[in-house]
Amino acid sequence: MSLLYGLRVLRFSLVLMAVSLLSFVASGRQNRAKIAAEIEKSMRTKLLNVWYPRSIDMQHGGFLCSFTYDWQPTGSQDKMIVTQARHTWSNAIASQLYPKEAHFKTGARHGFAFLRDVFWDKKNGGFHTLVNRQGQVIRRGFAEKEAYGNAFALYALSAYYKATGDKVALILAQETFRWLEKHSHDPVHKGYFQHLKLDGTPIVRPDTIPSTADLGYKDQNTSIHLLEAFTELYQIWPDQLVRQRLEEMLFLIRDKITTPQGYMVLFFQPNWTPVSFRDTDKETILRHRYLDHVSFGHDVETAYLMLEASHVLGLKNDTTTPRVAKRMVDHALRTGWDTEKGGFYDEGYYFKGDTHLTITKDSKNWWAQAEGLNALLLMADLFPQDQMQYYQKFEMLWRYISTYLIDQEHGGWYAGGLDKEPQQKTALKGHIWKGNYHQLRAMANCVARLKHQNYKTLQKQK
């Protein structure tokens with residue numbers, strides 16, 4: 001072979017490689033744009049448009065939350081702070097995504113007024129947990145107030161202020177943070193007490209309480225949503241104490257609540273000693289499953305929330321948070337992922353003596369799949385060359401959600417995947433614990449990332 005001919009062959013090969021790479025990049029762009037369009041269309045037509053303005057309670061304020069599978073209001077319509085705050089947040093977010101649709105801003109204002117005028121305890125401060133449809137407080141035994149509900153109120157107030165600039169909302173958000181600081185924050189062991197009396201006094205776990213109850217424990221779920229609320233609050237009020245508490249929660253969740261294997265412990269004694277039943281028999285373990293199991297949905301959700309907090313804090317050279325977040329998603333994929341149809345199972349457990357995790361609940365609830373969708377796409381863009389193939393699993397999960405979770409006829413999401421729970425097809429589409437916060441946050445994040453991520457930069461990393 002002559003040198004000239006060899007150079008021509010090499011040149012031709014390089015051209016082919018360049019064309020192939022350009023074709024690959026273009027194909028990738030088209031794929032991302034296609035899925036972005038699918039997710040956004042579903043978010044608008046099968047989620048937002050079926051919930052709003054239908055759920056706005058024009059008679060008594062706030063939002064209706066209980067609906068049949070075909071969207072008929074049903075039941076007593078008691079109103080919980082978590083649900084009401086999430087609906088307020090959803091309307092605030094939707095008003096920014098679609099400013100031409102005036103009813104979202106109206107809905108956000110409507111929800112804020114209900115939080116301010118009905119749920120806020122004007123005598124003791126803090127937000128009540130539950131009221132009836134008419135707005136009368138429902139007394140709840142030991143724990144009159146909870147840090148978890150107040151965290152979501154703070155989250156909603158912050159988002160509402162960001163969307164509207166209403167300074168009354170900012171003042172109430174600041175007051176909520178200070179109330180949590182005074183009553184719920186633990187100055188000795190850090191973190192926050194979940195269960196509080198009416199006046200905000202933390203509840204000490206009674207000796208007579210059943211072993212299956214969580215009263216008096218600290219927990220990961222309250223912790224991660226306080227992290228989320230402080231992340232939102234810090235963006236509108238960059239107060240030094242807010243920053244301190246945001247860092248505290250990030251490091252607590254990342255370094256203490258999350259295990260070296262990559263999953264979170266669910267409940268703790270006030271001094272952060274884990275609540276575990278692993279040394280008991282299997283029957284006892286399963287009887288206490290609410291307090292002690294591996295929750296794949298919470299793990300993938302927390303991976304995102306930690307990365308978001310680190311980003312908002314502007315932590316320089318933070319390699320630990322991405323590493324731990326990746327470990328959490330990887331553990332969920334390796335131990336809790338359905339390799340056939342896609343989707344994350346609900347629960348698993350490491351029984352004593354076993355080196356592998358056993359799936360103890362193989363249903364696939366709606367919120368875990370939404371959180372998984374968001375986390376997988378985030379991992380795909382952070383680690384595009386990784387052997388876990390996050391983007392392929394993201395696509396697989398979106399197909400699963402479209403097929404088994406989204407009601408293409410009536411709209412909304414089923415409470416669980418129909419492949420495991422076909423009875424969910426005619427179950428309640430909404431209830432006091434099921435709104436649209438997880439789905440909206442995940443879908444809005446995915447659409448933004450798919451549309452605006454610098455795809456060329458990602459390809460250079462490959």
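**Figure 1. Threonine 302 sits in helix α9.** Buried, throughout these legends, means under 20% relative accessible area, exposed means over 50%, and partly exposed is anything in between, worked out with a 1.4 Å probe on protein chains only. What you're looking at is a predicted model, where local features need pLDDT of at least 70 and side-chain atom pairs count only at pLDDT 80 or more, while totals for chains, interfaces and linings use all residues. Residues are numbered from 1 along each chain as its sequence is written, and side-chain values use heavy atoms, with hydrogens and water left out. Threonine 302 comes out at 0% relative accessibility, so it counts as buried. Leaving aside residues up to four places away in sequence, threonine 302 touches Ile224, Ile253, Met264 and Met328 (contact means heavy atoms within 4.5 Å).

**Figure 2. Helix α9 is mostly covered.** Helices (H or I, at least four residues) and strands (E, at least two) are DSSP runs, numbered from the N terminus. Helix α9 takes in residues 296-313, 18 residues in total. From first C-alpha to last it reaches 26 Å, close to the 26 Å expected at 1.5 Å a residue; the expected span is 1.5 Å times one less than the number of residues. Of those 18 residues, 16 are buried. Just past the end of α9, glycine 314 adopts a positive phi of about 70°.

**Figure 3. Three strands make an open sheet.** The order is β7-β8-β9, and the pairing is antiparallel. β7 (294-295) and β9 (358-361) are the edge strands, each pairing on one side only. Two strands pair if DSSP finds at least two bridges between them, and β7 has two bridges to β8 (residues 347-349). Zoom in on serine 295 and you'll find glutamate 347 of β8 opposite.

**Figure 4. Lysine 145 belongs to a short run, strand β3 (residues 145-146).** Is lysine 145 buried or exposed? Its relative accessible area is 0%, so lysine 145 is buried. Its side chain reaches the backbone oxygen of leucine 198 at 2.8 Å. That's a polar contact: a pair of N or O atoms within 3.5 Å, where, within protein, one must be able to donate a hydrogen and the other to accept it, and residues adjacent in sequence count only if both atoms are side-chain atoms.

**Figure 5. Helix α3 has its own set of buried residues.** This helix covers residues 102-119, and its 18 residues reach 25 Å from first C-alpha to last, close to the 26 Å expected at 1.5 Å a residue. Among its buried residues are Phe104, His110, Phe112, Phe114 and Phe119. Arginine 109 is part of α3 too, but at 44% relative accessibility it counts as partly exposed. Arginine 109 and aspartate 299 are 190 residues apart in sequence and 33 Å apart in space, C-alpha to C-alpha.

**Figure 6. Aromatic rings pair up and cluster.** A pair of aromatic rings is described by the distance of the centres and the angle of the planes. Here, rings of Phe, Tyr and Trp (its six-membered ring) pair if their centres lie within 6.5 Å; planes under 30 degrees apart count as stacked, over 60 as edge-to-face and the rest as tilted. That rule gives 26 aromatic pairs. One of them is tryptophan 337 with phenylalanine 344, edge-to-face at 5.0 Å centre to centre and 65° between the planes. Tryptophan 337 and phenylalanine 344 are both buried. Elsewhere, Trp89, Tyr148, Phe152, Tyr155, Trp433 and Tyr437 form one aromatic cluster.

**Figure 7. Some loop residues have backbone angles to check out.** Between tyrosine 52 and proline 53 the peptide bond is cis, with omega near 0°; proline 53 lies in the loop between α1 (3-51) and β1 (79-80). Tryptophan 272, in the loop between β6 (267-268) and α8 (282-287), isn't a glycine, yet its phi is positive, near 70°. With 5% relative accessibility, tryptophan 272 is buried. Glutamine 389 also has a positive phi, near 55°, and is found in the loop between α11 (366-382) and α12 (390-405). Its relative accessible area of 43% makes glutamine 389 partly exposed.

**Figure 8. Confidence drops in two stretches.** pLDDT is the predictor's confidence in each residue, from 0 to 100. The protein averages 93, and 92% of the residues score at least 70. Residues 1-7 have pLDDT below 50, with one contact in the model beyond near neighbours in sequence. Residues 454-462 also have pLDDT below 50, but this stretch has 18 such contacts.
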